[in-house]
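Let's work through a domain interface, one exercise at a time. Grab the model and follow along.

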Amino acid sequence: MHSTRARVPAAPAPALGVATERIEGRDKVTGTARYAGEHARTPPDCAYAWPVPATVARGRVTAVDTAGALALPGTLAVLTPGTAPRLGESDDPTLAVLQDDAVPHRGWYVALAVAETLEDARAAAQAVRVTYATEPHDVTLTEDHPDAYRPEQAGGRPALRERGDAGGAFTAAPVRVDVTYRVPPLHNHPMEPHAAFARWDGEGDGAHLTVYDSSQGADPVRTALAALFRLPEDRITVVSEHVGGGFGSKGTPRPHVVLAAMAARHTGRPVKLALPRGHLAAVVGHRAPTIQRVRLGAEHDGTLTSLSHEVTTHTSRVKEFVEQAGLPARVMYASPHSLTDHHVVPLDVPTPSWMRAPGEAPGMYALESAMDELAGALGMDPIELRVRNEPATEPDSGLPFSSRGLLACLREGAHRFGWADRDPRPAARREGRWLTGTGVAAATYPVLVSPSTAAATARHDGGYDITVNATDIGTGARTVLAQIAADALGVAVGSVSIGIGSTRLPRAPLAGGSSGTASWGWAVHRACTRLAERLARHTGPLPAEGVTAVADTAEEAGRTPPFARHAFGAHFAEVQVDTGTGEVRVRRLLGVYAAGRILNPRTARSQFIGGMVMGLGMALTEHSTADPAFGGFAERDLASYHVPSNADVPDVDAHWIDEDDPHLNPMGSKGIGEIGIVGTPAAIGNAVHHATGVRFRELPLTPDRVLPALA
Ligand code: MOS
């Protein structure tokens with residue numbers, strides 16, 4: 001028998017704020033961590049599925065000839081729009097795969113081959129002959145596109161907001177900047193492509209669907225599958241135990257999981273479906289391109305009198321998704337007159353979706369570049385310009401900020417970066433063929449939180465089991481949840497076991513919107529606080545089944561507090577531009593963040609730096625091309641879609657300001673997963689301007705774009 005005495009140590013070592021190693025780090029680096037497509041218990045009768053993407057950009061399927069595919073050895077079935085199981089209604093029309101003959105974009109799935117082996121499935125898919133009736137397509141976004149309309153919402157907020165008379169105040173302003181920035185389509189490329197394994201057990205009313213999916217949220221996947229396969233949720237289990245990155249592309253259920261479940265039902269076999277990377281560009285979302293006009297009017301002392309940010313973007317014909325790039329302008333700077341607006345053009349393109357900091361990343365690229373242009377027009381230091389326009393309350397809502405550390409980040413960053421020594425003149429630092437420049441940009445990301453449930457059990461053997469259906473997509477979620485639990489229980493982190501990544505565990509929201517730690521952590525904190533209270537009242541040994549407390553944060557986390565809650569940051573970059581080749585090399589990147597209390601400095605730093613590297617890619621190398629001739633995206637592998645490699649990534653450093661914000665959650669944390677990308681592209685672009693004297697307004701800053709402008 002273990003006594004309960006050890007459960008409440010007199011002076012527990014602090015758990016929060018400690019640089020704790022990832023709990024599953026060893027499993028990952030030794031290969032024992034299993035991802036969806038490599039589940040250890042793959043049964044011997046497992047079949048493999050390979051989808052067939054449409055090769056036309058618009059039209060319909062008139063015939064699918066499966067004879068050649070079915071004649072190949074190993075082929076079990078070929079599902080087509082005519083033969084695939086009929087699905088129930090879901091909220092997401094991108095999941096209605098093989099339900100009709102329409103082809104809304106190139107790469108839309110039009111058939112699915114199922115075979116004994118992966119190789120057999122791929123060969124069968126390649127042998128399927130699809131005939132189409134094609135229609136003319138349009139995949140090109142333009143500012144004055146005749147089909148552009150103003151949606152009701154952008155990112156869940158009103159698409160249009162206006163205060164005062166932004167146009168009139170702009171015209172009357174003594175100093176004006178009126179500029180248009182362009183960001184191309186961008187793609188998430190997680191190391192682990194989307195994959196699912198599906199198995200049906202039992203028949204009829206006893207049937208149970210089990211799915212291993214590479215997803216940012218097993219509960220939302222289960223909800224979608226329940227609607228599509230017309231099953232109560234308790235007859236579906238979804239497991240997302242380890243996930244090799246997502247960045248938003250796994251934030252909603254994707255077609256592969258539906259196809260895997262369909263194929264398993266159709267063949268009566270367990271089915272594995274791992275998407276080849278070449279398919280991802282068309283079926284797991286992308287950051288929609290944006291054309292962003294920013295108009296800033298100011299007094300000679302830099303005081304903004306008018307701020308307009310107007311965004312044009314595209315969506316697909318399947319589903320409306322609006323890249324909410326105008327939203328950060330509602331948060332950042334004081335101005336008596338303001339306009340933020342969105343228009344969207346439906347095109348024959350794949351459906352856009354979430355990519356790390358949707359809205360903020362492209363929107364702050366435009367706004368923070370325009371602020372740099374205004375500083376230039378005023379002859380004012382760009383940090384001073386931001387100080388001059390610091391708002392007392394959130395400009396759009398008038399709400400007080402729960403905390404706002406922007407100026408502290410700018411000051412701390414300026415100090416660490418050596419900003420005071422900067423010669424503001426552009427194109428003034430030349431060494432041989434290299435021009436050197438530095439730039440700064442602000443960053444912001446909202447504090448989001450969703451209700452969650454969790455359970456905490458004090459085991460008979462002295463350990464603690466914490467369960468919550470959280471997902472660790474590489475962020476360190478398991479680890480920080482163990483720290484939160486240990487802190488609330490007053491025990492060592494090592495005595496806490498964390499169970500996440502399965503719908504068998506207490507229901508929880510997805511890993512998205514930089515909200516995971518706040519949402520799951522709140523429920524874990526609450527369950528552990530309750531458990532600690534129960535243990536304090538408990539005398540004698542614990543029962544064999546231990547003592548359990550559960551929590552549901554629906555009431556507190558679902559509440560909208562009377563505060564504007566955002567994380568802020570400041571990004572600094574030093575670049576060198578090769579005047580012979582047009583190549584931009586980043587030499588130094590610094591991010592300083594104000595994101596509440598940092599719960600694990602080790603994994604937080606990794607999140608910040610990861611976001612900054614992704615921002616470096618957005619600034620310099622990453623772009624997707626909507627192919628006007630054939631539709632779809634031209635870049636479908638990592639040889640043509642250039643994410644930064646080690647040689648591109650220089651000295652990257654992240655720091656933070658400690659914030660004590662009582663209006664967040666019991667841990668006092670703000671989200672940190674996305675803000676690192678937000679200010680990085682503008683900081684790099686502003687540094688390129690400082691280096692060269694040339695203002696580029698379209699990303700990425702590739703040599704073919706930079707070199708001609710230097711001549
Ligand atoms: Mo992130 S784009 O909220 O997964």
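**Exercise 1.** Work out how many residues of each domain are in contact across the interface.

*Solution.* Start with the count: 23 residues of domain 1 touch 20 residues of domain 2, where contact means heavy atoms within 4.5 Å. Next, place the parts: domain 1 is 4-33 + 450-557 and domain 2 is 399-448 + 563-711, with bounds from an automatic or database domain assignment. Their C-alpha centres sit 34 Å apart.

A quick note on the source: this is a predicted model, where local features need pLDDT of at least 70, side-chain atom pairs count only at pLDDT 80 or more, and totals for chains, interfaces and linings use all residues. Residues are numbered from 1 along each chain as its sequence is written, and side-chain values use heavy atoms, leaving out hydrogens and water.

**Exercise 2.** Find the area that domain 1 and domain 2 bury between them, and say which residues of domain 1 lose the most.

*Solution.* The two domains bury about 1700 Å² (accessible area, 1.4 Å probe, lost on being put together and summed over both). Of that, 58% is on carbon and sulfur atoms. On the domain 1 side, Leu16, Ser514 and Trp522 lose the most, together 30% of what that side buries.

**Exercise 3.** Count the salt bridges across the interface, then name the element that gives the most residues on the domain 1 side.

*Solution.* Zero salt bridges turn up (side-chain nitrogen of Lys or Arg within 4 Å of a carboxyl oxygen of Asp or Glu). For elements giving two or more residues on the domain 1 side, we get α11 (477-489) and α12 (516-537), helices being DSSP runs (H or I, at least four residues) numbered from the N terminus. α12 gives the most, with five residues.
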